[in-house]
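Student: Can we go through the empty space in this one? Start with what is sealed off, then move on to the open sites.

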Amino acid sequence: MAIVGRANVGKSTLLNALLGQKLSIVSAKPHTTRHRLLGVLNGSDFQAALIDTPGFLRKGRDQLDAAMARQLSGALGDAHAVVLAAEPRYPGDVERALIDQIASVDVPALLVLTKTDTIAKQKLLPVMARYAETHPFAEIVPVSALERDGLIPLAEAIGAHLPEQDALFPPEMLTDRTTRFLVGELVREKIFEHYAHEVPYDTAVEVVTFEEREREAPDYIRAVVYVDTPSQKRLLIGKGGGALKEVGVLARPEIEALTGRPAFLELWVKVNTRWRRKAGFIQRTL
Ligand SMILES: Nc1nc2c(ncn2[C@@H]2O[C@H](COP(=O)(O)OP(=O)(O)OP(=O)(O)O)[C@@H](O)[C@H]2O)c(=O)[nH]1
Ligand SMILES: [Mg+2]
């Protein structure tokens with residue numbers, strides 16, 4: 001079941017809330033998620049392969065945008081069912097474009113109205129009514145992932161609208177992504193949270209070394225943070241390395257929570273001019 005929607009509506013937060021575990025990175029800035037990411041939700045009598053996707057991009061400027069758009073349309077094309085996530089407002093052009101795509105793949109679609117903690121309850125009904133006119137949604141479920149409100153009805157709706165088939169994944173499997181990838185994402189999340197303007201968008205992270213150690217010895221992790229320009233490199237590193245150090249300080253406990261192991265994290269910054277236009281590089285880091 002692919003989770004699609006406008007950028008920043010809370011798709012990744014929703015995936016994490018449904019799984020009860022942080023898997024997908026989240027930030028207040030749009031276009032945080034660049035990849036499809038599988039999260040396996042095991043209900044009492046169903047298993048759902050939830051796919052987080054990048055926010056909808058109308059017109060790509062470069063290869064990275066194109067790759068992100070492909071991740072979204074690929075996930076939509078493969079899905080047996082779709083969750084359209086939208087903020088609790090009347091549908092806009094992005095939602096209408098996505099509804100057109102959903103209608104063309106002809107699979108059951110749930111509408112999730114996110115962030116319901118941000119509006120008065122009585123304002124929800126007219127929004128739900130307007131959406132119901134745009135597409136025959138199987139169900140419309142209002143949710144606040146932040147307050148964990150509406151998640152149980154949503155999980156039930158997901159279970160109810162999945163096609164009948166055998167479970168695809170062993171019950172202990174949470175995702176298809178490697179720990180290496182998820183660690184790189186956690187570093188990227190901190191950069192999204194803590195740097196302004198284009199820096200997060202011109203940043204890619206690659207974990208180049210991941211050495212698991214014995215017992216109490218911390219795992220040794222080395223990640224390279226790629227930026228577009230020398231001035232971005234200076235910004236990222238900060239005075240006396242302070243800014244980059246802060247990224248490491250924030251990312252490390254989350255990495256340790258993910259692996260359940262102590263970690264030693266070393267970050268390096270490298271300039272890779274115009275990497276957003278380099279298909280090979282994007283493929284390697286996506
Ligand atoms: N108030 C409130 N904020 C939320 C809720 N869910 C998500 N947010 C916030 O919305 C912002 C975007 O959340 P994400 O989960 O990164 O959104 P996304 O749709 O995955 O965004 P992209 O990956 O950029 O497309 C973050 O600042 C979240 O904290 C919610 O239920 N209530
Ligand atoms: Mg996201």
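Student: How many cavities of 30 Å³ or more turn up in the whole structure?

Tutor: One. Keep in mind that this is a predicted model.

Student: What volume does the largest cavity have?

Tutor: About 40 Å³.

Student: Which residues line the largest cavity?

Tutor: S24, I25, T33, H35, L37, F181 and E185. By class, that lining divides into three nonpolar, three polar and one charged.

Student: OK, pockets now. How much space lies in the largest pocket?

Tutor: About 480 Å³. The lining has 25 residues, and Q47, A49, L162, Q165 and L168 are the closest to the pocket centre.

Student: Which helices and strands supply at least two residues of that lining?

Tutor: Strand 3 (47-52), helix 2 (63-78) and helix 5 (151-161) each do.

Student: Which one gives the most?

Tutor: Strand 3, with four residues.

Student: And how does the lining of the largest pocket split by class?

Tutor: It has 16 nonpolar, four polar and five charged residues.

Student: Where does ligand 1 sit?

Tutor: In the second largest pocket. That pocket has a volume of about 370 Å³. Its lining counts 27 residues, with N8, V9, G10, T13 and K115 the closest to the centre.

Student: What classes make up the lining there?

Tutor: Ten nonpolar, 13 polar and four charged residues line the second largest pocket.

Student: Switch to the ligand itself. How many residues surround ligand 1?

Tutor: The shell holds 22 residues. K11, T13, H31, T32 and D117 are the closest. Sorted by class, the shell has seven nonpolar, eleven polar and four charged residues.

Student: T13 came up twice. What distance separates an N or O atom in the side chain of T13 from an oxygen atom of ligand 1?

Tutor: 2.5 Å. For the side chain of S12, an N or O atom is 2.9 Å from a ligand 1 oxygen.

Student: And K115, what distance there?

Tutor: 3.0 Å, again from an N or O atom of the side chain to an oxygen atom of ligand 1.

Student: How much of the accessible area of ligand 1 does the protein cover?

Tutor: 89% of the 660 Å² that ligand 1 has on its own.

Student: Quick recap of the ligand site?

Tutor: Ligand 1 sits in the second largest pocket. T13 is among the residues closest to the centre of that pocket, and T13 is also among the residues closest to ligand 1. K115 is likewise among those closest to the pocket centre, and the side chain of K115 has an N or O atom 3.0 Å from a ligand 1 oxygen.

How values were computed
Residues numbered from 1 in each chain as written. Chains lettered and ligands numbered in written order. Predicted model: local features only at pLDDT ≥ 70, side-chain atom pairs only at ≥ 80, totals over all residues. Heavy atoms only, no water. Near = heavy atom within 4 Å. Polar contact = N/O pair within 3.5 Å; in protein donor to acceptor, adjacent residues only side chain to side chain. Areas by Shrake-Rupley, 256 points an atom, 1.4 Å probe, with all protein chains shown as cover. 1 Å grid on protein atoms, 1.4 Å probe; cavity = no way out; pocket = protein on both sides within 12 Å on 5 of 7 lines; lining within 4 Å. Sits in = over half its atoms within 2 Å of the grid points. Nonpolar A, V, L, I, M, F, W, Y, C, P; charged D, E, K, R; others polar. Points joined across faces, edges and corners; volume = space filled by probe spheres on them.
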